[in-house]
Amino acid sequence: MARILGIETSCDETAAAVVEDRSRILSSVVLSQFDLHRAYGGVVPEIASRRHVEAIHPIVEQALADAGTGLDDLAAVAVTQGPGLVGSLLVGVCAAKALAWQLDLPLLAVNHLEGHIRSAFIENPGIAFPALALVVSGGHTSLYLCPEEGIYRRVARTRDDAAGEAFDKVAKLLGLGYPGGPVIDRLADGADENAHRFKKAVMKDRSLDFSFSGLKTAVRRAAHDAGLAHGSSTGGEISPAVRDLVASFQRAVVDALVATTLRAAEREGVRTLLVTGGVACNRRLRRAFHEAAAERGLAVHVPSPALTTDNAAMIAAAGFLHLERGAFADAAVNADPNLRL
Ligand code: KG4
Ligand code: ZN
């Protein structure tokens, strides 16, 4: 029975978790900073790192307490090394280093994207390989081919904005608040997603890469033409025209993600799909993937919402692969904002 303490501070969530034997979550604590950043319409890095410094100790203590785990019960400490905001990452990395050194435990440096991919295995440890993993979040929109456990080969990425970033920017330009993804998910429910016909956000060449900045510009133009830019939410009521617009935008994003992932699966001969990252929370996206997979006889695994947005359980879960391989980080390991997977 091995237990790993996971720590995640790559962006604006301070998170800690204790996971036992690869996939049993004993605790998972996530402190979100949305309220601190909302006034700015996005994450302010300096504010984020200051908040992490204040929160990291109480959050780690709470994760241990919730799990009924003492420091002596831990087999290792896993932490997000990157990618992310450097000032935020540093707080988690320093805390994990100090704990590992003090307790004489292995330190496991985990790539945030590996964490997202491994989040799919927490509820389904028996997922078969090869698998194709879509990581779709505020910072990334990539497809990874996983031929076997612990091996990740990137087959597609975004050429410009990440899908989550597009949700956030569209919400901002319409004055709908931050973070944009959950707001648009809610407003689009029951609205007319065929009101605007946006061009599918896929590459003209044969590449599997994504591109969302053209779609964002098209939404801005449509909003402008219909007189819907900022302030469309007079008196707290969001107009039906705005709801139709964001529903149409959401549909275009979902169509692009599903179509490209299916093309990649076919090209790579993979029959198992993993859909991970914050945008995988999106109800329209989840439904579309389940329907498309059922139609084609593919298996699709989308983690529960709490595991798709940033959390530390996924970091601890990924840490098990490092622990089993003996891939330990040394005391000189540093945060890496541009870490590649
Ligand atoms: O994985 P995550 O928590 O952090 C990063 O690693 O980026 O993803 C955050 C992103 C944000 O852009 C947020 O707007 C988006 O995920 N998101 C959603 C939903 N919930 C979160 N996007 C669409 N629909 C949602 N329900
Ligand atoms: Zn993330």
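Begin by selecting helix 2 (residues 45–66), which lies across strand 1 (3–8), strand 2 and strand 3 and runs at about 25° to strand 2. Bear in mind from the outset that what is on screen is a predicted model.

**The sheet under helix 2**

Keep helix 2 in view and add helix 3 (residues 86–103), which packs on the sheet and touches strand 1, strand 4 (76–82) and strand 5, its direction making about 155° with that of strand 4. Now colour the strands themselves: 5 strands form an open sheet in the order 3-2-1-4-5, and their pairing is mixed. At the edges stand strand 3 (24–32) and strand 5 (107–111), each of which has a single partner strand, so one side of each is left without a neighbour in the sheet. Direction ignored, neighbouring strands here are turned by 20° against each other on average.

Next, zoom in on strand 2 (residues 13–20) and strand 3, which run antiparallel and are joined by 8 bridges. To find the register of this pair, select Thr-14, whose bridge partner in strand 3 is Leu-31. In the loop between strand 2 and strand 3, pick out Arg-22, a residue that has a positive phi of about 75° although it is not a glycine. Is Arg-22 buried, partly exposed or exposed? With a relative accessible area of 28%, it falls in the range of 20% to 50%, and Arg-22 is therefore partly exposed.

**Two loops beside helix 3**

Move to the loop between strand 4 and helix 3, where Pro-83 lies; the peptide bond that leads into Pro-83 from Gly-82 is cis, with omega near -10°. Then follow the chain to the loop between helix 3 and strand 5 and select Asp-104, in which phi is near 55°, a positive value in a residue other than glycine. Asp-104 is exposed, its relative accessible area being 70%.

**Helix 4 and the way to strand 6**

Select helix 4 (residues 112–123) and, within it, His-116. The relative accessible area of His-116 is 0%, and the residue is buried. What surrounds it can be shown by selecting its contacts: apart from neighbours within four places in sequence, His-116 touches Val-135, Thr-276, Gly-277, Gly-278, Thr-308, Thr-309, Asp-310 and Met-314. Continuing along the chain, stop at Pro-130 in the loop between helix 4 and strand 6, where a cis peptide bond joins Phe-129 and Pro-130 with omega of about 0°.

**The sheet with strands 6 to 10**

Colour a further set of 5 strands, which form an open sheet in the order 8-7-6-9-10, again with mixed pairing. Strand 8 (153–156) and strand 10 (299–301) are placed at the edges with a single partner strand each, so that one side of each is left without a neighbour in the sheet. From one strand to the next, the twist averages 25°.

Strand 7 (residues 141–146) and strand 8 run antiparallel and are joined by 3 bridges; Leu-145 has Arg-153 in strand 8 as its bridge partner, and Tyr-144 stands opposite Arg-154 in strand 8. These two strands form a hairpin with 6 residues between them, and in its turn Gly-150 has a positive phi of about 85°.

**Helix 8 and the cores**

Now select helix 8 (residues 240–268), which lies across strand 6 (131–136), strand 7, strand 8 and strand 9 (272–276) and runs at about 155° to strand 6. Which residues have the most contacts inside the largest nonpolar core? That core has 54 residues, and the ones in question are Leu-174, Phe-212, Phe-249 and Leu-257. Helix 8 contributes the largest share of this core, 13 residues. Centre on Phe-212: beyond its neighbours within four places in sequence, its contacts include Thr-141, Asp-160, Ala-201, Val-253 and Leu-257. Another core lies apart from this one and has 27 residues, among them Ala-67, Leu-74, Val-77 and Ala-100.

**Helix 9**

Finish at Asn-282, which caps the N-terminal end of helix 9, with a side-chain oxygen 3.1 Å from the backbone nitrogen of Arg-284. The 14 residues of helix 9 (residues 283–296) should span 20 Å at 1.5 Å a residue, which agrees with the 20 Å between its end C-alpha atoms. Its buried residues are Arg-284, Leu-285, Arg-286, Ala-288, Phe-289, Ala-292 and Ala-293, and what covers them includes strand 6, helix 8, strand 9, strand 10 and helix 10 (305–308). Just after helix 9, Gly-297 takes a positive phi of about 70°.

How values were computed. Residues numbered from 1 in each chain as written. Chains lettered and ligands numbered in written order. Predicted model: local features only at pLDDT ≥ 70, side-chain atom pairs only at ≥ 80, totals over all residues. Heavy atoms only, no water. Pairing = 2+ DSSP bridges. Helix = DSSP H or I, 4+ residues; strand = E, 2+ residues; numbered from the N terminus. Axes fitted to C-alpha atoms, helices over the stretch in contact; angles between N-to-C directions. Contact = heavy atoms within 4.5 Å. Expected span 1.5 Å × (residues − 1). Buried < 20%, exposed > 50% of the residue type's maximum accessible area, 1.4 Å probe, protein only. Polar contact = N/O pair within 3.5 Å; in protein donor to acceptor, adjacent residues only side chain to side chain. Core = buried A, V, L, I, M, F, W, Y, C linked by side-chain atoms within 4.5 Å.
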